Structures are given as C-alpha cells and as structure tokens.
Amino acid sequence: RTCRAGAPPPDKDYSVDRGRDLSVDRLAEATGYKYNPKGAPSRFGSAGRNPHRPLGEGEDVPGGARLDEDGMVYDMGGGQCTYFQDRMRQYPFATETAGLALLRRLLLVNERVFALSDARVNATSDPTETARHGEHLYVMKPTMKSAPKSAGMGTWSDEEYAHPGLQALYLRLKSFQRFTESWALFERAAARGVFDPWLQSAGGGGGSGEGENGGNGGGGSSGGRALLRVASLGGGPGYELLALAWYLEQLAGERGVAPPRLDLVSLDLQPSWEPYLLALPEPAEAEAGGGGTTYRFAQWDIKAGVDARDAAGGPLDLCLVSNVLVYCSDEPSAAVLAALLESGVKAILLNERGGEQKMVGMVERHGVVVAKLLDQDSAAGRDDRQLVFAPAGTSLPSPSGALAHVFPNVPYEESKQR
C-alpha cells in the first residue's frame, strides 16, 4: 500500500468447497480466518456467531435476482437489495433503493476494471495457476502471518500486491467493501461539517487561489465551483475516490449547490494499480472531459521521506486513509500525518479494520484533533474504525440526531445492538 514489506513463502493449496456447512475451526482452516473474540469482526460484528453458511459456487440468495457474475449483489425486489463483501458470501448486507442504484452503477464500473485485471491474468504463462496462487495469497496472507507483529508488514507485501491473481480477487471483493465503507464514512464526516467549505453557493465563499491552500479550504473556483484536491494515501485502485466523487455529487444536489471540481489522486507504493484507477470514470464523463473531475495516480512511500503534496504534484485539501494504518502505525508516520494537517490539509478521513488504533494517541500528541465517528458507548467498547483527523483548533461538532445511512450497518455494528 504505502510502504515495503517482505516476499511471500512457498505456496500450497488451500482450496475449499464453499457449499459445505463449516464450523468455526473448519472455516478457519479453509479461509485463513482465525476466530478472535477480541477482534473487531467479533466485538462489533457476528464473526463466530453468524447463522448463515457460505453460499456455494453458483448458488444464489433465495428470492434474489443475481446482478453480477460473481453473485455479490442481488435485487430482492421492492427496492430491497442484498450484497456481500466477503469471498465466501457468508455475511450478507442489506440496502434499499438508493443503495441498489449505487451498486448497479458500481457494477458497470467493475465491468471495465475486471476486464483489465482478467486480461493481466490471461497474459501470464499459466492463467489457471496465476489465479490459484493469487487466491492463496489473498486468503492465507503469508507475509503477514510469517512476520512478527512488531515488523509492521501489513496484510500483503508490495510484491504480493503486484501479483495479477491477487489483484483480480482483491478488486472483485474490495471494490464493494471499500466503496460502501467509504460512503458511510463520508456520510458521517459530512454530518460533522467536513465538506461544507466546498459546498457553498456561488459567491458564498469556500474558494481561494488555486495555487495555495487557504481561506475556508476551498482551493479555488471556476464558474462558481470550488476546486477540491484530495489524495488517497495508500489508495491503490481508488474506489474510495470514486465513492467520494459520487457522494459529493449527491450531497451537492441535496443542498441545491453545484458540486466541487475534483482533483483526485491515489498515492500508492504499487504502480500497477494505475490502469484500474484510470478505468473508474464512466465513459460519458470521460468523453465530456471528466465533468470537472480528474483521476490521477502517483507512486508514494510514506516511509521514504517524500512529502505527499510533492508526490501529488501540488497542494491538497483533504486526504483519505483506508485500511493503511496496519502498515504504518508508528511515530514517523504520525509525524507525516500531523505535518500534512499543519501545512494546509483541512482533514484526513480514515476507515480502518481494528477497533483500537494506536495512531489516535500518536497524532493527538502532535496536537491533532480526532473525531471518532462510530458509536463509543456500547458494551463492545472503543471503536476507532472510522475517524477524522483535523488541525489543532478545528471544531467538529457531533451531529444533532441519528444519521440515516444508504448502506446500513457499514462497517458492521450488529453486536452493538445486542
């Protein structure tokens, strides 16, 4: 993602019949997941207690119409939708008309992205073996499991991320997870006023000179539309950026203002993600010059001493961090994030896996304001999975009431309801 890790150990076969009823121990053997009652999937979700068995190959959700080849999204009729984020299709999520429309739109994007990843796999000398080895890397995470926890290796090494088979499976699963979790993050951040400076009516402020950060954080305007410059740190194929573009388009419509122009850049160590990022814009949008939105890629290593703004080619207004802290929860990385907030970045929006992020305390020692966006008052305890980091002195007031989410229970919080 954003920093280097080691190479994988030798491969072995971890195939599984997904149609079987699997106990926790058998499922762990087949999938590489080890049940941990203290981990986020168990504390906040239903891992280890899920009554649903994995769907078998070719099996569908009862009563649902499959909308994609992999069976990740189902139209249940009446504006209801069931979709999955996991490889075994064991943990269903539900959404309604608005979410179904977004997922249908996402499936069209994925057709372009998946065609590129399939072409990479098919260009190898043995496509079947490439896909099989990629699934092994994805499921068993050999680098992460072979390295001491203190090494900060993260989920996969840079070499593993470059593997065509891993990328193909990663895109098929993470596209849904990253998109829906990012959408939920942006809903929560919007309720704290994070996007307000770029959603002003014409002449209502929110713009400054395009060459510098300043004012209310708008970063320049053209024809009444502010320019918002966003970097996804460790952004890979960029689904967080896609979700942001679509979300701000919708939010601006709800507020009756023009959406900002967007300069979106994914900064990542692994350069082979770039073609997928560039395939995200819809063809009509691309033909029209992007509709004021540009997608770019630049290689960046958070530990290499290169400023993210230099890698991005100019000033930044917002940064996104999605499941990256596993690679870089250390004091030097905290200093990098704090420095961004001291030099013009108005907020860093984070979506992470673990319920307790060491980075929170690290950046707070630098004077960074931290807003925790998920419920902290349940018996499940502290939940750092969605956060906003902001410069010292920033006010991020809590929303006055409960939020209505397009993608409910994202990220999973069903155990908090018990």
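**Group meeting: cores, a helix and a buried serine**

Let me begin with a negative result: a search of the whole structure finds 0 disulfides. Please bear in mind that we are looking at a predicted model. Two cysteines deserve a word in this connection. Cys 81 has a relative accessibility of 2% and therefore counts as buried, the limit being under 20%. Cys 319 likewise counts as buried, because its relative accessibility is 0%.

I turn now to the overall architecture. The protein contains 14 helices and 12 strands. Of its 418 residues, 54% are buried. If we consider contacts with a separation of 6 or more, 73% of them are between residues 24 or more positions apart. The exposed surface amounts to about 17200 Å², and carbon and sulfur atoms account for 52% of that area.

Which residues have the most contacts inside the largest nonpolar core? They are Phe 195 and Leu 349, in a core of 78 residues. Helix H7, residues 164–191, contributes the largest share of this core, with 13 residues. Another core lies apart from it and has 31 residues, including Val 265, Ala 298, Trp 300 and Val 360.

Let us examine Phe 195 in detail. Leaving aside residues up to four places away in sequence, Phe 195 touches Phe 186, Ala 189 and Ala 190, among others. Its partners also include Leu 244, Tyr 247, Leu 248 and Leu 251, together with Leu 318 and Leu 349.

Four of these names bring us to helix H8, since Leu 244, Tyr 247, Leu 248 and Leu 251 are among the buried residues of H8. Helix H8 covers residues 239–255. With 17 residues at 1.5 Å a residue, helix H8 should span 24 Å, and its end C-alpha atoms are 24 Å apart, so expectation and model agree. H8 is mostly covered, with 12 of its 17 residues buried. Among the buried residues are also Tyr 239, Glu 240, Leu 241 and Trp 246. After H8 comes Gly 256, which has a positive phi, near 70°.

Finally, I would draw attention to Ser 232, which sits in strand S6, residues 225–233. Is Ser 232 buried or exposed? Its relative accessible area is 1%, so Ser 232 is buried. Beyond residues up to four places away in sequence, Ser 232 touches Glu 240 and Leu 241, both of which are buried residues of H8. Ser 232 also touches Val 265, Ser 266, Leu 267 and Leu 320. Of these, Val 265 belongs to the core of 31 residues mentioned earlier.

Conventions. Residues numbered from 1 in each chain as written. Predicted model: local features only at pLDDT ≥ 70, side-chain atom pairs only at ≥ 80, totals over all residues. Heavy atoms only, no water. Helix = DSSP H or I, 4+ residues; strand = E, 2+ residues; numbered from the N terminus. Buried < 20%, exposed > 50% of the residue type's maximum accessible area, 1.4 Å probe, protein only. Contact = heavy atoms within 4.5 Å. Areas by Shrake-Rupley, 256 points an atom, 1.4 Å probe, with all protein chains shown as cover. Core = buried A, V, L, I, M, F, W, Y, C linked by side-chain atoms within 4.5 Å. Expected span 1.5 Å × (residues − 1). Disulfide = S-S within 2.5 Å.
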